[in-house]
Amino acid sequence: MSPFDPTQRMTLGASGVSVTRLGLGTAEIAGLYRPVSDDDAVGLVRHAWDAGVRYFDSAPLYGYGNGERRLGLALHGRDRDSFTISTKVGRLLVPRDEVPAGAIVDRQQRDGIDDAYYTGTPPVRPIFDYSGDAVRRSLEESLRRLDLDRVDIAYIHDPDDHWEAAIGGAYPALHALREAGVVGAIGAGMNQAAMLARFAREGDFDAFLLAGRYTLLDQTGLEELLPLCVEKGISVIAGGIMNSGLLVDPKPGALFNYVQAPPQLIDRARRIRDVCARHGVGIRAAAIQFPLAHPAVAAIVAGVRSVDHFDDYPQLLREPIPDALWVDLKTERLIAHDAPVPTAAVG
């Protein structure tokens, strides 16, 4: 039996909203680090659709609207009830010459680095705003870019420095929108686990998008967040499972968490790769399957920009991995001793 079926539907918490085990993220096709054309982005989304993917994640931040717009182009004409869309709130896109004085912008813009991550962006700037009014406005603008009548999941996006505004403004607004049936599920999406655990304790959420903190290299989320999610019935979507590419090719200059990886992490990734090689398994197959073994994790999101890169995901999800590989990784203390691991019987 294959370890994982990428097209299997998983329900998020008690929401009734379902996602496929394999989802597609849109940061890469929005022009993260390198340009991507509309045609190539649309072609990739449609290719993922043909492979059975029915969960697609986006955000206003991705390409400053390009991610949502391109996703909308690709899904135009599809049966709306056949797929699940998530987007995010917490950043509004404002024309460059209309950014209010004192607006809170991303760190790289404060430092004078314009468009540090995304290429080919429209003439707007994302500003942080977690107020209830901003949440409603953000979702309305997302729907226009997506050319859809609803989104299924709304995540509070990157509230690292904005806890009070997020829990006091964005959360109540999303809770009310869920109660009204405007969105089916609500959550938060972050690159850290600690604040998501705080959200889990203090709010009523359906799902969290955890980026980079539950991977073959970094199991920070296992310490508190994932057990808490199991306890409270909150589903987790694992993003950033290649840790910005370090797990793909661990070498000097590789990225981790969007910056250059420190030598000790490069060494750890290399040791993981070597264990995988001893068992005849590519490190990418192990990295893709590992998060899904945890009972809290409903799906992974693939962040890719090419058809060839995408095709690795459904193929590697189905690749049997010997149990001995996971035993060796634990024995050599390269993954947490209590981390659930895939077996050939997992589905």
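Colleague: Is Tyr-33 buried, partly exposed or exposed?
Modeller: Partly exposed, at 33% relative accessibility. Keep in mind that this is a predicted model.

Colleague: Where is Tyr-33 found?
Modeller: In the loop between β3 (22–25) and α1 (38–50).

Colleague: Which residues form a nonpolar patch on the surface with Tyr-33?
Modeller: Tyr-258 and Val-259. Together with Tyr-33 they have about 270 Å² of accessible area.

Colleague: Switching to helices. At what angle do α4 and α5 pack?
Modeller: About 55 degrees, with the axes 7 Å apart. Helix α4 covers residues 132–146 and helix α5 covers residues 163–179.

Colleague: Why are α4 and α5 called oblique to each other?
Modeller: Because their angle of about 55 degrees lies outside the ranges under 35, over 145 and 65 to 115, and the rest count as oblique.

Colleague: And which hand is the crossing of α4 and α5?
Modeller: Right-handed.

Colleague: Now charges. How many salt bridges does the structure hold?
Modeller: The structure holds 23.

Colleague: Which salt bridges does Arg-150 form?
Modeller: One is with Asp-149, where the closest N and O atoms are 3.9 Å apart. Another is with Asp-152, at 3.5 Å.

Colleague: How accessible are those three?
Modeller: Asp-149 is exposed at 59%. Arg-150 is partly exposed at 27%. Asp-152 is buried at 10%.

Colleague: What about Arg-273, which residue is its salt bridge with?
Modeller: Asp-274, with the closest N and O atoms 3.8 Å apart. Arg-273 is partly exposed at 32%. Asp-274 is partly exposed too, at 40%.

Colleague: Which residues do shared salt-bridge partners join into one network?
Modeller: Arg-80, Asp-81, Asp-149, Arg-150 and Asp-152.

Technical notes. Residues are numbered from 1 along each chain as its sequence is written. This is a predicted model: local features need pLDDT of at least 70, side-chain atom pairs count only at pLDDT 80 or more; totals for chains, interfaces and linings use all residues. Side-chain values use heavy atoms; hydrogens and water are left out. Patches are made of residues with over 30% relative accessible area and no salt bridge: like charges are joined within 9 Å, nonpolar side chains (Val, Leu, Ile, Met, Phe, Trp, Tyr) within 5 Å. Accessible areas come from the Shrake-Rupley method with a 1.4 Å probe; for residues, only the protein chains shown count as cover. A salt bridge is a side-chain nitrogen of Lys or Arg within 4 Å of a carboxyl oxygen of Asp or Glu. Helices (H or I, at least four residues) and strands (E, at least two) are DSSP runs, numbered from the N terminus. Buried means under 20% relative accessible area, exposed over 50%, partly exposed in between (1.4 Å probe, protein chains only). Axes are lines fitted to C-alpha atoms, for helices over the stretch in contact, and angles run from 0 to 180 degrees between N-to-C directions. A crossing is left-handed if the near helix is turned anticlockwise from the far one by less than a right angle, and right-handed if clockwise.
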